[in-house]
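Trainee: I would like to go through a structure with you, beginning with its empty spaces. Could you show it to me?
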Amino acid sequence: MDSKLRRMAIMASMAVILLVSLLVLYINRPPGQWGGMPQTTQTPPPQGQEDSASEETRKPGQIGDDLSAFLRDNTFFDQEVNPILEAARDNATRLSLVVTSVEKDLRVQIVDTKGNPVTGESFFVKLEGQGEYKDLDKDGIIYIGGLPAGEYYVELMPVEGYQVPANETRVRVKDKVEYVAIDDISILIRTEEEIDAEAEDTAVADALEDADKTEIVDIQKSTANSRVGIDVSKWNGEIDWDRVQNAGVEFAIIRAGYRGSVTGSLVEDPYFKANMRGAASSGIPVGVYFFTQAVNEVEAVEEASTVLQLIREYKLDYPVFIDTEGAGGNGRADNLDVDTRTRVCEAFCRTIANAGYTAGVYGSRNWYHNFLDTARLENYCIWLAEYRSVPLYQGYYQMWQYTSRGSVDGIEGNVDINVSYLMNDSQGRRN
């Protein structure tokens with residue numbers, strides 16, 4: 001019986017109890033109350049006999065009009081009397097394992113019957129031939145890296161107060177990244193209420209350091225070969241999308257989320273849903289981006305999987321971009337070498353492309369020149385950030401972010417403005 005049926009059964013049981021109580025109260029009402037035929041007067045028992053049945057000899061249960069008698073019945077909630085409630089209590093402590101592998105690793109998630117990680121306990125798992133691993137941070141997730149590829153058995157060790165799986169879980173550790181979405185990634189996605197957003201969301205626009213006095217801050221007009229749009233995130237606050245559309249904005253790239261620069265948490269942008277729905281209601285085509293702090297290909301696949309989870313109910317007209325830039329110098333991915341950073345971008349884009357979407361990479365001129373091997377990214381959409389009237393970047397690009405200090409009606413404060421050279425609305429999802 002699933003949790004929904006159990007809740008319905010419990011509610012039905014309580015409804016029956018209430019109905020019986022009301023019926024008893026109605027039967028024992030004073031004569032003439034609540035309408036109906038008058039009751040006949042009952043002859044009281046002889047004096048001295050009314051207390052002949054002592055409290056000790058009375059059977060537990062309903063006693064006349066005492067509707068609280070069941071509270072003094074120690075057997076009322078016993079399993080033999082009410083197995084439904086007992087089963088509900090048992091189910092609340094039942095645990096199961098969700099185990100995934102991306103490349104020579106395992107992520108073991110200890111979840112409840114609703115599929116949510118169980119936190120606050122130092123769980124142990126035993127991995128066949130490898131030993132025991134502990135959930136040190138008590139977040140319900142145990143990550144095991146550096147494993148040889150092959151078949152393994154995972155066992156959750158007994159924990160007081162919980163029911164662990166009776167059998168071991170058989171898993172396969174993958175030898176290489178397959179660049180496919182992780183099915184259970186939703187368990188890892190956090191909201192900003194669950195993290196220290198001020199410490200985690202620390203992207204720094206490298207293009208600002210490269211800007212010159214020729215930077216254009218006004219919204220430009222579209223041409224036969226280009227369209228003008230914006231990119232937005234929580235930093236832009238609430239947006240009046242109808243006014244934005246009337247101001248001449250022809251597309252929007254919306255931040256889906258970011259990986260925390262300290263802990264590596266996968267976080268949904270708090271304005272993502274509102275921006276996606278607002279743009280759609282105003283008829284503005286959209287794409288999305290995700291700020292990366294991945295330090296390897298495995299984490300890049302996680303980030304791509306996060307985006308795919310978040311966009312599953314929306315229609316995209318523009319690509320899905322990985323936003324690769326610094327996090328203030330102390331970000332977990334700030335010191336990656338060129339090869340590793342490029343492999344992160346490749347892994348993200350390949351996972352997005354394998355899901356049927358157009359993938360792209362966002363970066364500044366300095367980033368493309370010094371921190372990425374752009375030759376390995378030429379199959380993806382390049383989104384250049386360079387704040388000057390004419391870009392100095394000599395590589396090929398399909399979108400250009402020409403200012404971060406733009407002004408658009410409907411948005412309070414500065415906003416990034418872009419020019420897109422993608423001239424059809426099928427660039428988001430492949431047919």
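Trainee: How many cavities of 30 Å³ or more does a search of the whole structure find?
Mentor: The search finds two cavities of that size. On a 1 Å grid over the protein atoms alone, a cavity is a set of points where a 1.4 Å probe fits but cannot get out, and lining residues have an atom within 4 Å of a point. Grid points are joined across faces, edges and corners, and a volume is the space filled by probe spheres set on the points. Please note that this is a predicted model, in which local features need pLDDT of at least 70 and side-chain atom pairs count only at pLDDT 80 or more, while totals for chains, interfaces and linings use all residues. Residues are numbered from 1 along each chain as its sequence is written, and side-chain values use heavy atoms, with hydrogens and water left out.
Trainee: What volume has the largest cavity, and which residues line it?
Mentor: The largest cavity has a volume of about 50 Å³. Its lining is formed by Thr292, Gln293, Ala294, Thr324, Glu325, Ala333, Leu336, Arg341, Val344 and Cys345. By class, five of these are nonpolar, three polar and two charged. In this scheme, Ala, Val, Leu, Ile, Met, Phe, Trp, Tyr, Cys and Pro count as nonpolar, Asp, Glu, Lys and Arg as charged, and the others, Gly among them, as polar.
Trainee: And which residues line the second largest cavity?
Mentor: The second largest cavity, with about 30 Å³ of space, is lined by Ala205, Asp206, Ala207, Glu325, Tyr362, Ser364 and Ala385. Four residues of this lining are nonpolar, one is polar and two are charged.
Trainee: Back to Gln293, please. Where is the place of Gln293?
Mentor: Gln293 sits in the loop between strand 12 (286-291) and helix 6 (297-310). Helices (H or I, at least four residues) and strands (E, at least two) are DSSP runs, numbered from the N terminus.
Trainee: Is Gln293 buried or exposed?
Mentor: Gln293 is buried, because its relative accessible area is 1%. Buried means under 20% relative accessible area, exposed over 50%, and partly exposed in between (1.4 Å probe, protein chains only).
Trainee: What does the side chain of Gln293 reach?
Mentor: The side chain of Gln293 reaches the backbone nitrogen of Ala333 at 3.2 Å. Not counting residues up to four places away in sequence, Gln293 touches several residues, including Arg259, Glu299, Glu325 and Asp334. Contact here means heavy atoms within 4.5 Å.
Trainee: Now helix 6. Why is helix 6 described as largely enclosed?
Mentor: Of the 14 residues of helix 6, 13 are buried, so helix 6 is largely enclosed by the rest of the structure. Helix 6 reaches 20 Å from its first C-alpha to its last, close to the 20 Å expected at 1.5 Å a residue. The expected span of a helix is 1.5 Å times one less than its number of residues.
Trainee: How many residues of helix 7 are buried?
Mentor: Helix 7 (residues 338-354) has 17 residues, and twelve of them are buried. Among the buried residues of helix 7 are Arg341, Val344 and Cys345. Strand 12, helix 6, strand 13 (320-323), strand 14 (359-364) and helix 8 (365-370) are included in what covers the buried residues.
Trainee: What follows helix 7?
Mentor: Gly356 follows helix 7, and its phi is positive, near 100°.
Trainee: Let us change to pockets. How much space lies in the largest pocket?
Mentor: The largest pocket holds about 680 Å³ of space. A pocket is an open set of grid points with protein on both sides within 12 Å along at least five of seven lines. Of the 28 residues that line the largest pocket, the closest to its centre are Arg107, Asp139, Ile141, Thr263 and Gly264. Strand 5 gives the most to this lining, with four residues. By class, the lining of the largest pocket has eight nonpolar, six polar and 14 charged residues.
Trainee: And how much space lies in the second largest pocket?
Mentor: About 520 Å³ of space lies there. The second largest pocket is lined by 24 residues, of which Ala205, Ser233, Trp235, Tyr289 and Asp416 are the closest to its centre. Its lining has twelve nonpolar, six polar and six charged residues.

Key: Polar contact = N/O pair within 3.5 Å; in protein donor to acceptor, adjacent residues only side chain to side chain.
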